[in-house]
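This report describes empty spaces in a protein model and the packing of two of its helices. Please keep the sequence and the structure in view while reading.

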Amino acid sequence: MAPSALPNPSTTIVKRSETSLEAPVRKTALQAISQGVCLPGIPYFNDFEKQRHWTLSHMAAGFRVFARKGYTEGMSGHISVRDPEHPHTFWTNPLGRHFGLLKASDMVLVDYDGNVVGGNTSRPANAAGFLIHSAVHKARPDVVAACHTHSKAGKAWSAFARPLEMLNQDVCYFHGEAQAVYPEFGGVVFSAEEGARLAAALGQKGKGLILRNHGLLTVGGTVDEAAYLFTLMERSCEVQSMVEAAAANGIQKVYVGEQEAAYTFQMASDPEALYWEFQPDLEYEDEMCGGAFRK
């Protein structure tokens with residue numbers, strides 16, 4: 001979504017009747033950005049199996065998008081998605097399979113105790129990934145999906161253990177409590193206590209977390225939202241690093257104003273708008289691989 005095309009912060013997004021005293025009708029973020037017919041909302045199904053397959057297909061597509069963007073690093077990186085029927089279990093990727101090859105049928109279903117309870121049992125899940133994702137899902141019932149990879153710009157910016165600054169329109173999607181920093185580093189996450197500390201650092205309103213000397217983690221109400229926010233946070237780390245390099249040569253930073261940043265976040269943080277932000281990448285991947293991620 002492009003909030004710059006929306007009214008400025010002083011404008012109320014309402015639709016008033018010219019001939020009556022009817023209460024104003026507020027537009028959603030998706031309605032506001034749609035000139036003409038509005039984009040449809042997030043699809044939901046009245047059948048758990050259909051909902052599960054749709055979700056796992058989008059999860060696999062997310063991995064393939066990450067692969068195209070260069071977020072792979074050996075066996076590192078994982079996406080988790082809460083099962084729609086059994087919310088105390090979640091799906092994750094098999095250890096050691098390239099992001100760009102993943103399909104819906106490859107995913108592994110684990111419970112909060114780390115037991116594999118369904119899906120692909122031919123390969124294990126990532127143990128460190130399980131501890132991170134299980135802690136996030138336990139702490140945040142609203143989180144359906146979480147993404148973490150060892151992407152290049154995220155690793156670089158994580159070395160500063162600093163939040164991203166409001167340097168442009170897009171990074172305002174992480175305004176305020178929507179981003180956090182985990183200021184510790186204890187090596188590969190092999191303890192439940194470390195996972196719990198990561199989840200606590202994210203907080204109850206966090207959408208993105210910068211893990212010191214490690215990388216990035218994002219969450220969302222759909223796997224599409226979490227995946228889009230990861231791509232945005234990674235690009236924002238890249239831009240921040242570029243700005244820091246310019247500032248080191250004496251060029252002064254100009255920040256987005258607090259009011260404008262808060263307004264942009266308000267308009268951009270709508271779940272349906274964030275779901276749609278990912279659809280162009282998903283549709284491109286669908287075209288490029290012939291829908292292989294759905295298998």
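## Pocket, helix contact and cavities

In this predicted model, the largest pocket is lined by Lys69, Gly70, Tyr71, Lys152, Ala153, Tyr228, Thr231, Leu232, Glu234, Arg235, Glu238 and Asp281. Two elements, α4 (152-158) and α6 (223-247), each give two or more residues to this lining. The largest share comes from α6, with 6 residues. By class, the lining of the largest pocket comprises 6 charged, 4 nonpolar and 2 polar residues. The volume of the largest pocket is about 290 Å³.

The contact between two helices may be considered next. Helix α3 spans residues 127-139 and helix α5 spans residues 192-202. How do their axes cross? The axes of α3 and α5 come within 8 Å, and the crossing angle is roughly 50°. Angles between 35 and 65 degrees fall outside the parallel and perpendicular ranges, and α3 and α5 are therefore oblique to each other. Their crossing is right-handed.

Which residues make this contact? On the α3 side they are Leu131, Ile132, Ala135, Val136 and Ala139, and these meet Ala192, Gly195, Ala196, Leu198, Ala199 and Leu202 in α5. The contact of α3 with α5 has 10 nonpolar residues and 1 polar residue, with no charged residues.

Enclosed spaces form the last topic. Rolling a probe the size of a water molecule over the atoms shows where empty space is left. The structure holds 3 cavities of 30 Å³ or more. The table describes two of them.

| Cavity | Volume | Classes of lining residues |
|---|---|---|
| Largest cavity | about 40 Å³ | 5 nonpolar, 3 polar and 3 charged residues |
| Second largest cavity | about 40 Å³ | 4 nonpolar, 3 polar and 1 charged residues |

What lines the largest cavity? Its lining consists of Tyr182, Glu184, Phe185, Gly186, Gly187, Val189, Glu194, Leu198, Leu211, Arg212 and His214. Leu198 belongs to this lining and is also one of the α5 residues that meet α3.

The second largest cavity has Leu164, Glu165, Leu167, Asn168, Val171, Ser236, Val239 and Gln240 around it as lining residues. Its lining includes 4 nonpolar residues, 3 polar residues and 1 charged residue.

Note on methods:
Residues are numbered from 1 along each chain as its sequence is written. This is a predicted model: local features need pLDDT of at least 70, side-chain atom pairs count only at pLDDT 80 or more; totals for chains, interfaces and linings use all residues. Side-chain values use heavy atoms; hydrogens and water are left out. On a 1 Å grid over the protein atoms alone, a cavity is a set of points where a 1.4 Å probe fits but cannot get out, and a pocket is an open set with protein on both sides within 12 Å along at least five of seven lines; lining residues have an atom within 4 Å of a point. Grid points are joined across faces, edges and corners, and a volume is the space filled by probe spheres set on the points. Helices (H or I, at least four residues) and strands (E, at least two) are DSSP runs, numbered from the N terminus. Ala, Val, Leu, Ile, Met, Phe, Trp, Tyr, Cys and Pro count as nonpolar, Asp, Glu, Lys and Arg as charged, and the others, Gly among them, as polar. Axes are lines fitted to C-alpha atoms, for helices over the stretch in contact, and angles run from 0 to 180 degrees between N-to-C directions. Angles under 35 degrees count as roughly parallel, over 145 as roughly antiparallel, 65 to 115 as roughly perpendicular and the rest as oblique. A crossing is left-handed if the near helix is turned anticlockwise from the far one by less than a right angle, and right-handed if clockwise. Contact means heavy atoms within 4.5 Å.
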